[in-house]
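Trainee: Hey, could you walk me through this one? I've got a few quick questions.

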Amino acid sequence: MNKDKTQLFYAGLNQEKITALTAYGFSIGTLPIRYLGLPLMHRKLKISEYSPLLDKLNSRFNFWATKSLSFTGRCLLIKTVVTGTVNFGHRPSSYPGLH
């Protein structure tokens, strides 16, 4: 693990535990940060905040459409990408009431 590229994020820790974490040499990060073009937050994302991901998916679909995939190959590719996107969108932090 590269200490220069890694940040620690914490919540609900007292100062003693925070000091112990910094002894490992990692910098302390703060939210929001971006992952896969989406902001990671403590709350559920708004529809408008999904636009970077949707734009990226749209451009990938357009690129893939120009490739010489069979119909079955295109269906499988779309199914895989959409399933992965749905699974990412339903990660535990997006459930109401979880913080």
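Mentor: Sure, and one term before we start: a contact here means heavy atoms within 4.5 Å. Keep in mind too that this is a predicted model.

Trainee: Okay, so what share of the contacts with a separation of 6 or more comes from residues 24 or more positions apart?

Mentor: Those account for 23% of such contacts in the protein chain.

Trainee: And how confident is the prediction, in terms of mean pLDDT?

Mentor: The protein chain has a mean pLDDT of 76, with 81% of its residues at 70 or more. Confidence is highest in helix α1, residues 15-22, at 85. It is lowest in helix α3, residues 71-89, where the mean is 74. As a rule, where pLDDT is low, don't read the predicted coordinates in detail.

Trainee: Got it. How many helices and strands are there?

Mentor: The protein chain has three helices and four strands. Going from the N terminus, the order is β-α-β-β-β-α-α.

Trainee: What about the inside? Which residues make up the largest nonpolar core?

Mentor: Six residues: Leu38, Met41, Leu45, Leu53, Leu57 and Val81. Setting aside residues up to four places away in sequence, Val81 touches Leu57, Phe61 and Trp64.

Trainee: How much of the chain counts as buried?

Mentor: Of its 99 residues, 16% do. The protein chain exposes about 7,900 Å², and carbon and sulfur atoms supply 62% of that.

Trainee: Switching topic: which residues does the UniProt "transmembrane region" annotation cover?

Mentor: Residues 18-37, according to the unreviewed UniProt entry. In the model, that span is 25% helix and 25% strand, and its end C-alpha atoms lie 28 Å apart.

Trainee: Now the loop between β4 and α2. Is glutamate 49 there buried or exposed?

Mentor: Glutamate 49 counts as buried because its relative accessible area is 17%, and the cut-off for buried is under 20%.

Trainee: So what does glutamate 49 contact, leaving aside neighbours within four places in sequence?

Mentor: Leu38, Pro39, Met41 and Arg43. The side chain of glutamate 49 also reaches the backbone nitrogen of lysine 46, at 2.8 Å.

Trainee: And tyrosine 50, where does that one lie?

Mentor: Tyrosine 50 is in the loop between β4 (38-40) and α2 (51-66). It counts as partly exposed because its relative accessible area is 21%, and that class runs between 20% and 50%.

Trainee: Last one: how far apart are the C-alpha atoms of tyrosine 50 and proline 39?

Mentor: They are separated by 8.8 Å, and the two residues are 11 apart along the chain.

Key: Residues are numbered from 1 along each chain as its sequence is written. This is a predicted model: local features need pLDDT of at least 70, side-chain atom pairs count only at pLDDT 80 or more; totals for chains, interfaces and linings use all residues. Side-chain values use heavy atoms; hydrogens and water are left out. pLDDT is the predictor's confidence in each residue, from 0 to 100. Helices (H or I, at least four residues) and strands (E, at least two) are DSSP runs, numbered from the N terminus. A nonpolar core is a set of buried Ala, Val, Leu, Ile, Met, Phe, Trp, Tyr and Cys residues joined through side-chain atoms within 4.5 Å. Buried means under 20% relative accessible area, exposed over 50%, partly exposed in between (1.4 Å probe, protein chains only). Accessible areas come from the Shrake-Rupley method with a 1.4 Å probe; for residues, only the protein chains shown count as cover. UniProt positions are given in the numbering used here, feature names are shortened, and annotations may be inferred rather than shown by experiment. A polar contact is a pair of N or O atoms within 3.5 Å; within protein, one must be able to donate a hydrogen and the other to accept it, and residues adjacent in sequence count only if both atoms are side-chain atoms.
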